[in-house]
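Hi,

Here is the structure I said I would pass on. Have a look at it first, and my notes follow underneath.

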Amino acid sequence: SKREIKMRKLDSTKVRPLKTEQLLHIEDHDFALRPGFGGSPIPVGIDVQVESIDSISEVDMDFTMTLYLRHYWKDERLSFRSNKNKSMTFDGRLIKKIWVPDVFFVHSKRSFIHDTTVENIMLRVYPDGNVLFSLRITVSAMCFMDFSRFPLDTQNCSLELESYAYNEDDLMLYWKHGNKSLSTDEHISLSQFFIEEFSASSGLAFYSSTGWYNRLFINFALRRHIFFFVLQSYFPAMLMVMLSWVSFWIDRRAVPARVSLGITTVLTMSTIMTGVSASMPQVSYIKAVDVYLWISFLFVFLSVIEYAAVNYLTTIEERKQLKKRGKASGMYSMDAVQAMAFDGCFHDTDVDMDLTPFPDPCEENETRASQTNISNADTPRLKRKRSLKGNVGRIILQNNHVIDTYSRIIFPSVYIVFNFFYWGLYI
């Protein structure tokens with residue numbers, strides 16, 4: 001009926017749509033050639049929105065960034081008639097049929113276009129032939145880092161964009177909106193770095209075989225979080241150095257205690273240094289953290305050497321005293337070194353200290369105390385106990401070498417001065 005025929009004409013779903021190729025007249029042009037081939041270079045504007053900085057690797061010296069890369073150019077071969085002057089938007093299937101700029105990332109290691117659920121590509125064509133081509137890309141690129149101030153360093157990295165085939169005679173690459181062409185997500189953050197600034201710049205790159213090319217730069221500065229390294233490296237190193245100073249207050253005759261303490265602190269410092277080096281690239285220059293850890297290791301090592309000097313000088317001193325007194329007893333044939341290993345201020349059994357071939361300051365103090373304060377009826381053990389109650393501090397001071405006394409002042413003072421200059425220099 002006439003009514004059914006009229007309804008069919010009004011039903012737009014029954015009308016065969018125009019093909020994209022027919023609307024854009026793609027089949028009438030050779031898109032293997034750039035727009036305006038043979039004339040002036042075609043200007044291609046670029047703007048970038050950084051979505052995230054995924055990772056920074058000191059070992060590989062690279063960074064990974066996800067961004068939206070947008071190209072703007074004019075191709076009159078894609079112009080079309082439009083009564084409402086509206087643009088047409090396409091996905092990635094049309095890209096293979098038209099000309100698009102061949103922008104690549106200089107110093108890129110890995111890069112890919114996201115393809116979930118389909119390729120993240122957008123092409124928008126305006127009636128006058130202006131084209132917007134947008135991609136969502138993740139790229140890993142090199143960042144030439146300087147670790148001489150690590151971990152108090154600031155790294156400057158850049159992502160560089162350039163045309164691969166077309167030099168400046170064919171294609172002029174530029175930032176579409178100047179410095180405003182680079183935008184970032186407000187929520188970008190990294191675990192180890194503060195992002196100080198993002199900036200856009202441009203320049204030229206020369207290749208001897210192909211000529212000059214326009215190059216665009218996405219620059220950003222990264223300042224490292226130091227608190228993590230303070231907890232993991234600096235603070236343990238400080239504690240080990242201060243722990244090594246405890247040996248200066250231990251009796252110089254307590255050989256096992258002072259030697260074991262020194263060896264423990266040295267090995268702990270070696271472990272801290274090895275852990276820091278394992279997470280860093282094997283660079284040929286000295287880093288700031290190396291300076292601090294090696295100086296701290298030197299302080300710990302010198303505390304061990306200090307006791308070796310104290311022990312050696314004590315042995316020589318007691319040998320000289322032995323020669324002066326001339327007490328060479330056949331009942332007690334141990335030399336001064338053996339006596340130091342076994343003798344001390346405190347004895348669990350009664351020993352007549354006059355039989356020893358070297359003077360004992362503890363025994364001399366005990367003898368004086370017993371003569372003035374204790375009657376002759378007291379036993380030798382009771383004499384020692386009463387004497388030690390009032391003279392423990394004096395005995396400890398008399399058993400410390402003069403080197404220990406000076407070390408208690410010199411070692412902390414020099415270490416404080418070193419820390420003052422170190423943090424003042426690098427911060």
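To start you off: which residue of strand 12 does Leu204 stand opposite? The partner is Asn214. Please keep in mind while you read that this is a predicted model.

That pair belongs to a hairpin. Strand 11 and strand 12 make it up, with three residues between them. Strand 11 covers 193–207, while strand 12 takes in residues 211–224. The two run antiparallel and are joined by 14 bridges. Another position you can check along the hairpin is Ser201, whose bridge partner in strand 12 is Phe217.

Now zoom out to the sheet. It is open and has four strands in the order 4-8-12-11, with antiparallel pairing. At the edges sit strand 4 (103–106) and strand 11, each of them pairing on one side only. On average, neighbouring strands of the sheet are turned by 25° against each other, direction ignored.

Next, the cysteines. How many disulfides does the count come to? Just one disulfide, formed by Cys143 and Cys157, with their sulfur atoms 1.8 Å apart. The link is left-handed, with -80° about the S-S bond. Cys143 lies in the loop between strand 7 (130–142) and strand 8 (154–163), and Cys157 is in strand 8 itself, so the disulfide ties together parts that are 14 residues apart in sequence.

The loop between strand 7 and strand 8 has something else for you, since Pro151 lies there too. A cis peptide bond joins Phe150 to Pro151, with omega at about 0°. There is also a cis peptide bond between Thr116 and Thr117, again with omega at about 0°. Neither residue of that bond is a proline, so to speak, and Thr117 is found in the loop between strand 5 (108–113) and strand 6 (121–125).One more backbone point is Met61, where phi is near 55°, a positive value in a residue other than glycine. Met61 is found in the loop between strand 1 (42–57) and strand 2 (62–74).

Finally, the second largest pocket. Its volume is about 200 Å³. Where does this pocket lie with respect to domain 1 and domain 2? Domain 1 (42–224) and domain 2 (226–321 + 392–426) both give residues to the lining, so the pocket lies between them. The lining is made of Glu58, Phe150, Gln192, Arg224, Phe228, Phe229, Gln232, Ser233, Gly275, Val276, Ser279 and Met280. You will recognise Phe150 in that list as the residue joined to Pro151 by a cis peptide bond.

Which helix gives the most to the lining of the second largest pocket? That is helix 3, with four residues. Helix 3 (227–244) and helix 4 (255–278) each supply at least two residues of the lining. By type, the lining residues divide into five nonpolar, five polar and two charged.

That is what I have for now. Over to you!

Methods:
Residues numbered from 1 in each chain as written. Predicted model: local features only at pLDDT ≥ 70, side-chain atom pairs only at ≥ 80, totals over all residues. Heavy atoms only, no water. 1 Å grid on protein atoms, 1.4 Å probe; cavity = no way out; pocket = protein on both sides within 12 Å on 5 of 7 lines; lining within 4 Å. Points joined across faces, edges and corners; volume = space filled by probe spheres on them. Nonpolar A, V, L, I, M, F, W, Y, C, P; charged D, E, K, R; others polar. Domains from an automatic or database assignment. Pairing = 2+ DSSP bridges. Axes fitted to C-alpha atoms, helices over the stretch in contact; angles between N-to-C directions. Disulfide = S-S within 2.5 Å.
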